[in-house]
Amino acid sequence: MSEIYDAVVLGGGPGGYTAAFRAADLGLSVCLVDCGERLGGTCLNVGCIPSKTLLHAAAVMEEAAEAVEWGVHYPPPELDITVLLAKKEQVVKQLTDGLATLCKKRGITRLAGRGEVAGAGCLRITTVDGEEEVAWKNLIIATGSVPFRIPGLPEDKRIWDSTDALELREVPKRLLIIGGGIIGLEMAQVYYALGSEITIVEMQGQIIPPADKDMVNPLAMKLKKRYAIYTATKMKKMEVAAGGIVVELEGKKAPEQAEFDAVLVAVGRCPSSAGMGFEKVGVAIDERGFIIVNAKMETSVAGVYAIGDVVGNPMLAHKATHEGKVAAENIAGHNVVFKPGTIPSVAYTSPEVAWMGLTEKEAKERGIRVARGKFPWGASGRALSMGASAGVTKVLFDEEGRIVGAAICGTGAGELIHEAVLALEKGATARDISVTVHAHPTLAETFAFAAEIVDGSATDVLPPKKR
């Protein structure tokens, strides 16, 4: 343990490698420690990227089936899972190899192993070859999160978490998904395309609980024709049987008991903060396991920073990357804070659901009066021409006319939402948005149309009735 690094980064996910790269670019000596052989963490290796690759295959199959409405006929698609898995691996490998190259060219010391704080200024790494220690002037904790496991569940290879589901070891005839959030719905879409019968159980009163119900409805109406969906329903008991996994449910419309060939537990994630020695240097951690940080991403201990999933919700890669830059820049002597106006969320379902800023239900809970512009895609020429008329765009403005929230349900919602994010960051008003010329016909112009409704200049829909 000769060299003392300016910054040691523990965790090589999107937040960790971004922090390491930024620190190196600012002239700091950096050591990046991660337990995986490849950089990228959960997101790149067993999360965001592989899931989107599988979702694209499912979308292609769905588009082929729907093309008949345009007079285009294809034979029923045949899916080679071996080829699909190879494609997924190719995408992941290309990205992880790129990260490895960027890391090397920046002169970053990279260690593969499990890191644990051994004491002030010292990190012990357990590798396949044994143990070694590195010294740090500053430490950035970017250890991420792990899937939450429901207490008391039996151990069985047919009970999956999201990582298991992405491996496509088998396509069960009957698949139960516990959790109607983003991860559960995305995996449902993949396995439905592969031929599974899907059942979804969600404790809350709607799927994708954080979003406004009216913005989820277009998706919910479509999925109810394909899956058995039980909201406001609990999983009471799960038992392993020879023929499958027997589950007892409690909900107004749910069966009391049902049997499935596999069960995916997708009820969220919890911070990965235990057993790494953070308490040895006095890092404050709350009752849920999240590391407490300030806007500079500093923990309760001088020289120790934390970023990403381990510091709290939302557990999103794009949040982690920005936090990583803030931590690195502060270590380099800059005086910066992480205070975004909003962080967008996206469900990559079909149709997609995306939202940012305040939702209507949050505004109501906080007693904030908002004006709402809501434009149905059934009045959009572009949406109609591409068979996406079930979508909707909603924008919320405060009493001064400034945008405070937006949500989109429809094709490409995850791409479209970023105009709203920028508008909020820049304090745009309904008038600012409505007079900004949008190309026609596009899905993007539905955002402007929603603003026009609030601005009072909408012509593509009838004006609201005068009171």
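The following conversation goes through several labels used for this predicted model and the values behind them.

Colleague: Why is leucine 168 called buried?

Modeller: Buried is the word for a relative accessible area under 20%, and leucine 168 has 4%, so the residue counts as buried. Leucine 168 sits in the loop between helix H5 (162-166) and strand S11 (174-178), and its phi is positive, about 50°, although leucine 168 is not a glycine.

Colleague: Alanine 232 also has a positive phi of about 50° without being a glycine, so what makes alanine 232 partly exposed?

Modeller: The label partly exposed is kept for values between the limits of 20% and 50%, and because alanine 232 has a relative accessible area of 48%, the residue is partly exposed. Alanine 232 belongs to the loop between strand S13 (228-230) and strand S14 (234-241).

Colleague: How do you know which label fits cysteine 48, and which one fits cysteine 409?

Modeller: With the limits of 20% and 50% in mind, cysteine 48 at 32% relative accessibility counts as partly exposed, whereas cysteine 409 at 0% counts as buried. As for bonds between cysteines, the structure holds zero disulfides, a disulfide being a pair of cysteine sulfur atoms within 2.5 Å.

Colleague: Let us turn to the rings. How many aromatic pairs does the structure hold, and what makes tryptophan 160 and tyrosine 191 a tilted pair?

Modeller: There are four aromatic pairs in the structure, and one of them joins tryptophan 160 and tyrosine 191, with 5.5 Å from centre to centre and 45° between the planes. Ring centres have to lie within 6.5 Å, and planes that are neither under 30 degrees nor over 60 degrees apart count as tilted, so both values lead to the label of a tilted pair.

Colleague: Why can this pair be said to tie together parts that are apart in sequence?

Modeller: Tryptophan 160 lies in strand S10 (residues 159-160) while tyrosine 191 lies in helix H6 (residues 182-194), so the pair connects parts that are 31 residues apart in sequence. Tryptophan 160 is buried, because its relative accessible area is 3%, and tyrosine 191 counts as buried too, because its relative accessibility is 1%.

Colleague: Why is the pair of phenylalanine 375 and phenylalanine 449 called tilted?

Modeller: The two ring centres are 4.9 Å apart and the planes stand at 45°, so this pair is tilted. Because phenylalanine 375 is in strand S22 (residues 371-376) and phenylalanine 449 is in helix H13, the pair ties together parts that are 74 residues apart in sequence. Both phenylalanine 375 and phenylalanine 449 are buried.

Colleague: How do you know that S14 and strand S15 (residues 244-250) are paired?

Modeller: Two strands pair if there are at least two bridges between them, and seven bridges join S14 to S15, so the two strands, which run antiparallel, are a pair. One bridge partner in S15 is glycine 244, which faces alanine 241 in this pairing.

Colleague: What makes S14 and strand S16 (257-260) edge strands?

Modeller: The open sheet has three strands in the order S14-S15-S16, with antiparallel pairing. S14 and S16 each have a single partner strand, so one side of each is left without a neighbour in the sheet. On average, neighbouring strands of this sheet are turned by 25° against each other, direction ignored.

Terms used. Residues are numbered from 1 along each chain as its sequence is written. This is a predicted model: local features need pLDDT of at least 70, side-chain atom pairs count only at pLDDT 80 or more; totals for chains, interfaces and linings use all residues. Side-chain values use heavy atoms; hydrogens and water are left out. Helices (H or I, at least four residues) and strands (E, at least two) are DSSP runs, numbered from the N terminus. Buried means under 20% relative accessible area, exposed over 50%, partly exposed in between (1.4 Å probe, protein chains only). Rings of Phe, Tyr and Trp (its six-membered ring) pair if their centres lie within 6.5 Å; planes under 30 degrees apart count as stacked, over 60 as edge-to-face and the rest as tilted. Axes are lines fitted to C-alpha atoms, for helices over the stretch in contact, and angles run from 0 to 180 degrees between N-to-C directions.
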